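Trainee: I would like to take a close look at a single part of this model and follow it slowly, step by step. Could you walk me through the negative charge on the surface and what lies around it?

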Amino acid sequence: MYKRPRRNRKSAVIRGMVEETRLSTKDFIFPLFVIDGINQKEEVASMPGIFRHSTDLLLKEVEECLNLGINAFDIFPAYPESKKDKMATESHNPDTFYLQAIHKVKTTFPEACIMTDVAMDPYSSDGHDGIVEDGKILNDETLEVLGKMSVAQAQAGADIIGPSDMMDGRVGHLRKALDNAGHTEVSIMSYTAKYASAFYNPFRDALDSAPKAGDKKTYQMDPANLHEALIEAELDEAEGADFLMIKPALAYLDVIRLLKENSNLPIAAYNVSGEYSMIKAAHEKGWLDGERAMLESLLSIKRAGANIILSYFAKEYAKLRK
């Protein structure tokens with residue numbers, strides 16, 4: 001035999017030289033959860049190793065991550081029901097703890113890249129990403145709220161806003177709102193192909209943001225659909241998105257590949273809470289080697305075409321590589 005592929009697998013050195021896909025801490029955005037208060041740290045029960053932090057402890061977490069080489073963070077707020085209403089008015093209250101936390105992190109660590117979440121569900125008494133009226137999600141009326149939210153987050157210091165709501169036309173509306181307010185340098189990482197997935201439940205536990213009635217299938221994408229993602233991507237590009245995101249990642253590797261092959265924009269993928277928790281639970285049961293499963297999963301996302309990976313494994317990965 002003249003062709004023996006195993007010759008390129010015979011040692012760790014050679015395997016490293018011919019390795020096609022390589023991960024780096026530079027690839028990651030680390031999602032973080034912030035809560036109101038002082039000296040508060042609460043583990044998310046369904047996400048082992050992941051915590052909600054008050055702003056003072058969030059600063060320590062960010063500093064530790066920066067020292068590990070993680071430079072980008074997506075910060076999500078967890079609000080009590082007492083702060084929620086149908087119009088998500090707390091989302092653009094300049095005195096709200098989330099906006100203050102963004103400002104504090106960015107001014108303390110100006111070198112960090114701060115991404116924020118744009119959707120109504122953390123602040124909505126209905127638990128939906130848009131305004132609910134007679135059981136329906138109102139699209140155009142929701143855009144006005146999202147615009148106010150985005151400008152408030154940009155003013156607080158966000159480098160990237162992440163509209164995760166899946167309302168039609170929101171990228172263009174937010175781009176215009178940001179530009180009109182003088183925030184032309186704030187980027188938009190659109191949740192371009194966000195599917196109505198079963199893998200979000202631990203995240204909703206972390207934020208206590210599950211819908212109070214109904215589901216999100218009228219605005220999030222049908223898991224059966226692949227090429228519909230191209231429609232969303234074309235619209236987001238035309239409306240001014242700077243990055244396109246696919247969410248979840250592992251069950252939608254084909255979507256990541258499809259958008260990578262059809263767009264020149266950077267592609268992000270969200271390795272979501274359910275994907276994280278499955279590996280953690282299986283490791284705790286002794287059914288999987290959690291470290292190997294983590295690395296294999298992250299490699300698959302990068303191999304599929306993602307330039308950027310939002311993952312709860314980011315800090316754990318960085319510690320391994322230190």
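Mentor: Let us begin with Asp-134, which counts as exposed because its relative accessibility is 76%, and the cut-off for that word is over 50%. Please keep in mind throughout that this is a predicted model. Asp-134 sits in the loop between strand 6 (131–133) and strand 7 (136–138), and its backbone deserves a careful look, since phi of Asp-134 is near 55°, a positive value in a residue other than glycine. Most residues other than glycine have a negative phi.

Asp-134 also belongs to a patch of negative charge on the surface, where it gathers with Glu-133, Asp-140, Glu-141, Glu-144 and Asp-168. If you ask where the largest share of this patch comes from, the answer is helix 4 (residues 139–156), which supplies 3 residues. Another member of the patch, Asp-168, is found in the loop between strand 8 (160–163) and helix 5 (170–180), and Asp-168 is likewise exposed, because its relative accessible area is 53%.

From Asp-168 we can step back along the chain into strand 8, where Gly-162 lies. Here the setting changes, for Gly-162 counts as buried because its relative accessibility is 0%, while the cut-off for buried is under 20%. Leaving aside residues up to four places away in sequence, Gly-162 touches Met-115, Thr-116, Asp-117 and Val-118, and also Met-189 and Tyr-191. Gly-162 can be placed against Ser-187 as well, since the two are 25 residues apart in sequence and 8.6 Å apart in space, taken from C-alpha to C-alpha.

It helps to set Asp-134 beside another residue with an unusual sign of phi. Ala-88 is not a glycine, yet it has a positive phi of about 55°, and Ala-88 is placed in the loop between strand 4 (72–77) and helix 3 (97–108). Whereas Asp-134 is exposed at 76% relative accessibility, Ala-88 counts as buried, because its relative accessibility is 0%.

Finally, as a counterpart to the negative patch, look at the positive surface patch formed by Lys-3, Arg-4, Arg-6, Arg-7, Arg-9 and Lys-10. Lys-10 lies in the segment before helix 1 (12–17), and Lys-10 is exposed, because its relative accessible area is 61%.

Notes: Residues are numbered from 1 along each chain as its sequence is written. This is a predicted model: local features need pLDDT of at least 70, side-chain atom pairs count only at pLDDT 80 or more; totals for chains, interfaces and linings use all residues. Side-chain values use heavy atoms; hydrogens and water are left out. Patches are made of residues with over 30% relative accessible area and no salt bridge: like charges are joined within 9 Å, nonpolar side chains (Val, Leu, Ile, Met, Phe, Trp, Tyr) within 5 Å. Accessible areas come from the Shrake-Rupley method with a 1.4 Å probe; for residues, only the protein chains shown count as cover. A salt bridge is a side-chain nitrogen of Lys or Arg within 4 Å of a carboxyl oxygen of Asp or Glu. Lys and Arg count as positive and Asp and Glu as negative; His and the chain ends are not counted. The place of a charge is taken as NZ of Lys, CZ of Arg, CG of Asp or CD of Glu. Helices (H or I, at least four residues) and strands (E, at least two) are DSSP runs, numbered from the N terminus. Buried means under 20% relative accessible area, exposed over 50%, partly exposed in between (1.4 Å probe, protein chains only). Contact means heavy atoms within 4.5 Å.
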